[in-house]
Amino acid sequence: MKGEPDRHRYWAFISYSHADEAWAKWLHGALETYRVPRRLVGGPTRFGPRPRRLFPVFRDRDELSSAAELGSVIEAALRESRYLVGVCSPAAAKSAWVEAEIRRYKSRGGQDRVLALIVDGQPNAAEPALECFPLALRRQVDAHGQLTDAPAEPIAADARPFADHKHGARLKLLAGLLEVGYDDLRQRERRRRLWARVQAGVAALAGVGLLVAMWGGFERREIQRVEQARLDRLEQLGRQELRENRHARAAVYLAEVLRGGRDTSALRYPLARAMRPVDAVLPRWLDLGEVVVRSALANDGRHLLTVNAGSASWWDLDTGLRLGRFEIPQQAFFGAPRLDTDAGHAVISGATSTQAHPYEAITTVLDLAGRQVVGSLPGTVWGGTGNSLSPDGRHALVTRVPAPDEDSAKAWTAVVRLADAAVVARLETADGNTAATYSPDGRHIATGGEGAGEIVLWDAGTYRPMRRIAPRQRIAQSVYWSGRGMELLSVNEAGAVRLWDGASGQLLDALGSHSLFALAIDHAAQRYWLTTSIDGARVWDLERGQAVFHSEAFGGFNDDADLDSSGGRVLAQHREGGPGLWSVPEQGLEYRLDVDAEASAEMRFVPGEPRILIVTRNGRLRWLDTEHLRRPLGRLQHGRYRHPAESPGVGAMAAAANGRYWISGGADGALRRWTQDRGEPVAAIEAHASSVISLVPLAGTDASVSLDSSGRIIGWDGRSDAPTWTLDADPEHPAARLTTHRHTTWVVVQRPGAAALVLDGLSGERLQQIDLEPSAGNLRLLPPGHRLLSIDARGHIRIRDLDAPGKAIRIGGDTPGPGAFAISADRHRLLRSIDGGALTLYDLRSGQELSQLDVQAPGLQLGLLSELALSDDGAWVAAATVDGAILTWNPRSGLTRVTRDHLRPVTTLQFDAASRLLASGDDDGRVVLRDVDSGRVLDHIDLQHDKILEVAFGAEGTRLLVRHRLDDALRLWDISLETRGLAQIERRLACAVPWQLQGLALVARNADAADCAGLTSLP
């Protein structure tokens, strides 16, 4: 190792439990501020000459406040640290995080480079509760990170008062890190203290006056330091809450940081994200003044039925008036109430729980129009949330468990007339019934049974059995009509979800399964169905015959979860508490909605409106705007390719030259135009017979030119959304790429192995034919005038003047070799790296070299470069390596910064037009957004899809468009900053957020309707 260059970044990695954070902070400062004795500096160590200072030292709370991914940063820090120092205490011995860090460090060859600082407890204690050494510190670890039986004896310093104390422990650790004797440092400290006393005595008299004068300044600096530390901690807490999708909590923390005067882009970005669900809370309140256990929203979205232990209430949500109050039997718990289509009647099922009767189900029928209780009867309508009320609103299906004096030994279904709560028919099967539901047309009833799990179809007019379906699974726990004719959906005790043809009794599709019993609770568009179980929730697409969404973050059996009318979003209680909103297409949690300090009782999508209604147990109603909550803002959906053998996907995308639209070409051959702010579809043109592979907008117009995989080129007018000209493919030399520039309407057609064509993009007229070298490619049009840049396979760069044929200049020498290239958006600068070596920046107007950076210089030593990018203003350069590292370099100031935000190779890099943001995507579906000036990570977007092919910023820098390799949709994200003043933000928080800050902790509060006075619309 001594003969090799030292590639480590940190002198030490401090591993500690959060309970020992104060000790870790002290140790971090003690190591980094220590000045090595002059006579020891430069001496040999295993890592080269001994330094003047041990700097830097890694401590996660300092280094990770801006980390987008904890795991990747910790892995990199462990790999780049010469030593590991463990802060040892009983809390550390129990910390799985500390244990994992020590194991990982030892498994990478660090067995003899682990030191320990004892701050509490006992090493190798007989009583486990007092043990301070983690198990990985006491045992050897193999190369796979597994503990062996061989003991380990780390170098340990004891900071406890009766042992080495802080001073002695510090010197022991320093001796181990510097590879010197403990006495060498101790004697030096003694001499230093003696000399310090002498100096102090001499300076005391002269310094009294100076100290008095300086004291005021010191106090001010100390106050500032304490305040900055407080703001650091608040910002860290806010970012952590944001990572866990608790946006309202994050907004409170981050707003306090803004109040402290830290007004930066790196703060304004997460604050804007945190404020989105806060802004979605509509300035509309309703306080019912009573406890709510369960509720049901009418189909008109204007009326609500609420239930508590002994009564039910019927509300008009427009006026806030109670239309009726109903006394119902006292119940221990309730299922979801059912309303008929016109909200004329309601049925409420509950269960008593007393010592005499541990469980007795009761169903109560309410006449909502007549404001009276019709009656109560034994039984329940809990058998799933299928249509247990007839479509005509006249009958309900109630499952009855036999009473001891009844002849039947099996559960049966009672058909109950809602007008008088009378049983008009009795549906019985040999195995007993577990669920029953009406068909959408009201002509049939389906029941599910125990035993063989038989499903029986009944005639709803005669109540006679018509057909039997035997799933051959014990207990058909729930059965539902799909809403698409005679199709039936069943869920059995084992969680299997199946689709049946009710007319023939044949199995249509075995959709999949939960791990155990599940509830099917909601459906959308008669195509998507939501089921929940203890293993989470799934959304099933009946047309595709498979689950299109699965999340384990649901709180068990969520019979009050809701699916929106499009099947694209799910609303339910999060397993960790509070309501959550999930995106079906993105397969993940969008928001956890902190809208009230009380636990939420019900959450519903309001039918026919982009709203969510949340009813809390203390009877407070809040409405949220679902469109304002969307993240991403849009999923720009393309159709799949018409030939199944071809891969689906989006072939090309670009921002229109006018800055108002996105344009894209799909693998289905269609061209599409979308609004740039919301990603809403504007037009679709079936222009190509094969996949679109290249697309360019024309300067100053709505027009564009597209190229498909067959080589056919089409120009189209964005105003009329119609093709204006066509150039058929050349079978011998099909076109491979189009290029243009934002200051011209000329288009260059690249044809491998043949001359390039220059076309007028508006008319399709051939202007020139340019003969190129056989391997020339990467064509670009350059301003001013019409110049053409080409880069061949050997890395030769040539610029031709199209207005003066034959005139050309060469850049970068004769034999540069292959490498990576990038050209700035204004086409004035070119960045090149040859064979992963130095980065060189050229001026394309003069051909002169502007600057160069050796990426293999000490302190950088990067691997092979794969992607390059240039900011528009020329101030910043970005380069990515095949191992996921990203270098940012400012050629003017010389500042360089290396970060490791990706675990896989980076596939695309892009600066925004203002040179404020840098977006990077990798081949594992992750996009990282970074603030260029501060180097802070603003966001990481894990899209859980295939390789990222391209990212593009909108004209105003507030939107980011992402393209995948195999996905058939583009994704549009809001990346705007919070622009409001502090007073406006605080007013919105007071209106919508149920938390307030006390010190560093959040405490619950209830916003009052007066807080929202004057807030009549969203910002």
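**Entry 1: H9 and H10**

I looked up the crossing of H9 and H10 in this predicted model and found that the crossing is left-handed. I then took the geometry of the pair: helix H9 covers residues 247–259 and helix H10 covers residues 265–280, and the two pack at an angle of about 140° with their axes 8 Å apart. I noted H9 as oblique to H10, because only angles over 145 degrees count as roughly antiparallel.

Which residues of H9 meet H10? I listed His247, Ala248, Ala250, Ala251, Leu254, Ala255, Val257 and Leu258 on the H9 side, while H10 contributes Leu267, Arg268, Pro270, Leu271, Arg273, Ala274, Met275, Pro277 and Val278. Sorting the residues of this contact by character, I obtained 14 nonpolar, one polar and two charged.

**Entry 2: the sheet S20-S21-S22**

I turned next to an open sheet of three strands, whose order is S20-S21-S22 and whose pairing is antiparallel. Why does one side of S20 and of S22 lack a neighbour in the sheet? I found that strand S20 (395–400) and strand S22 (422–427) stand at the edges, and each has a single partner strand, so one side of each is left free of a neighbour there. On average, and with direction ignored, I have neighbouring strands of this sheet turned by 30° against each other.

**Entry 3: the pairing of S20 with S21**

How many bridges join S20 to S21? I recorded six between S20 and strand S21, the latter made of residues 412–417, with the two strands running antiparallel. For one position in this pairing I wrote down that Val398 stands opposite Ala414 in S21.

Note on methods. Residues are numbered from 1 along each chain as its sequence is written. This is a predicted model: local features need pLDDT of at least 70, side-chain atom pairs count only at pLDDT 80 or more; totals for chains, interfaces and linings use all residues. Side-chain values use heavy atoms; hydrogens and water are left out. Two strands pair if DSSP finds at least two bridges between them. Helices (H or I, at least four residues) and strands (E, at least two) are DSSP runs, numbered from the N terminus. Axes are lines fitted to C-alpha atoms, for helices over the stretch in contact, and angles run from 0 to 180 degrees between N-to-C directions. Angles under 35 degrees count as roughly parallel, over 145 as roughly antiparallel, 65 to 115 as roughly perpendicular and the rest as oblique. A crossing is left-handed if the near helix is turned anticlockwise from the far one by less than a right angle, and right-handed if clockwise. Contact means heavy atoms within 4.5 Å. Ala, Val, Leu, Ile, Met, Phe, Trp, Tyr, Cys and Pro count as nonpolar, Asp, Glu, Lys and Arg as charged, and the others, Gly among them, as polar.
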